[in-house]
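Student: Could we go through this protein chain together, with the reasoning behind each answer spelled out?

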Amino acid sequence: LGLFPGSDTLINAVIAEVVETGRGGLGVPMLFSSGNDGITDTIPIWPARFEKTIAVGATSMCDEHKTPTSCDGESWWAGNWGTGLDVSAPGVRVATIDMLGSNGFHNTEYFNTFNGTSAACPNAAGVMALVLSHTPSLPEWLARKTLALTAEKVGDYDYSTWKEAGKWSYELGYGRVNAYEAVTYGASAVNDADR
């Protein structure tokens with residue numbers, strides 16, 4: 001999986017250092033896409049499955065794990081899920097800006113059908129950015145926990161597995177990210193952590 005033998009170990013070490021010491025010692029939350037091989041391989045791909053990172057899966061517009069049979073009608077892909085998945089975010093037909101001309105996916109500056117966990121991860125990272133911009137003193141471990149604790153338990157999945165940040169499911173991890181709840185909780189959590 002690495003770029004050269006041992007590169008995953010080297011990159012894991014760099015990720016760990018940034019997670020633990022970045023932002024002046026507060027740590028940097030590192031989010032990665034879980035992968036789009038969920039039809040044949042369920043676990044998140046590396047580096048999303050590295051325990052220091054936050055693995056992000058994809059949901060359909062019906063708040064369900066993106067599978068070939070989810071409500072979106074896109075039968076050719078599924079987001080990776082299962083052990084190691086942390087949270088999920090919208091990953092189907094996400095509107096985004098595009099590179100102009102032949103470098104882009106479309107002939108305009110916008111692309112309205114960006115798909116995959118590569119679309120879901122920026123959504124979750126955006127929520128994390130909102131949390132940290134609102135509460136910049138939040139340490140990485142608490143920002144990570146905030147994202148997990150405030151994720152909505154959608155999709156009628158079995159969230160009975162208990163993990164470090166609460167109830168968890170194989171399909172969506174801790175659930176689908178919720179920006180409002182995460183920002184609100186993050187602000188109060190840092191005050192509680194300071195006591």
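The questions and answers below move from the whole chain to its core, its disulfide and its salt bridges.

Tutor: This is a predicted model, in which local features need pLDDT of at least 70 and side-chain atom pairs count only at pLDDT 80 or more, while totals for chains, interfaces and linings use all residues. Residues are numbered from 1 along each chain as its sequence is written, and side-chain values use heavy atoms, with hydrogens and water left out.

Student: How many helices and strands does the chain have?
Tutor: Helices (H or I, at least four residues) and strands (E, at least two) are DSSP runs, numbered from the N terminus. Read from that end, the elements follow the order α-β-β-β-β-β-α-α-β-β-α. The totals are 4 helices and 7 strands.

Student: Which radius of gyration does the chain have, and what would a compact globule have?
Tutor: The radius of gyration is taken over C-alpha atoms, and the globule rule is 2.2 Å times the number of residues to the power 0.38. For 195 residues a compact globule would come near 16 Å, so the value of the chain agrees with it, being 17 Å.

Student: Which helix gives the most residues to the largest nonpolar core?
Tutor: A nonpolar core is a set of buried Ala, Val, Leu, Ile, Met, Phe, Trp, Tyr and Cys residues joined through side-chain atoms within 4.5 Å, where buried means under 20% relative accessible area, exposed over 50% and partly exposed in between (1.4 Å probe, protein chains only). The largest such core has 29 residues, and Leu 31, Val 56, Val 87 and Leu 147 have the most contacts inside it. Two or more residues come from each of strand E2 (54-59), strand E3 (87-90), helix H2 (117-134), helix H3 (140-149) and helix H4 (179-194). With 7 residues, the element that gives the most is H2.

Student: Which residues is Leu 147 in contact with, leaving aside its neighbours within four places in sequence?
Tutor: Contact means heavy atoms within 4.5 Å. With those neighbours set aside, the partners of Leu 147 are Leu 31, Ile 54, Val 87, Ala 124, Val 127, Met 128 and Val 177.

Student: Which hand does the disulfide of Cys 62 and Cys 71 have?
Tutor: A disulfide is a pair of cysteine sulfur atoms within 2.5 Å, and Cys 62 and Cys 71 are joined in this way, with an S to S distance of 2.1 Å. The torsion about their S-S bond is about 110°, so this disulfide is right-handed.

Student: Why does the salt bridge of Lys 52 and Glu 20 tie together parts that are apart in sequence?
Tutor: A salt bridge is a side-chain nitrogen of Lys or Arg within 4 Å of a carboxyl oxygen of Asp or Glu, and the side chains of Lys 52 and Glu 20 meet at 2.6 Å, N to O. Lys 52 lies in the loop between strand E1 (31-33) and E2, whereas Glu 20 lies in helix H1 (residues 7-21), so the parts that they tie together are apart in sequence by 32 residues.

Student: Is Glu 74, which forms a salt bridge with Arg 93, buried or exposed?
Tutor: The closest N and O atoms of Arg 93 and Glu 74 are 3.5 Å apart. Arg 93 is partly exposed, with a relative accessible area of 40%. For Glu 74 the relative accessible area is 5%, so Glu 74 counts as buried.
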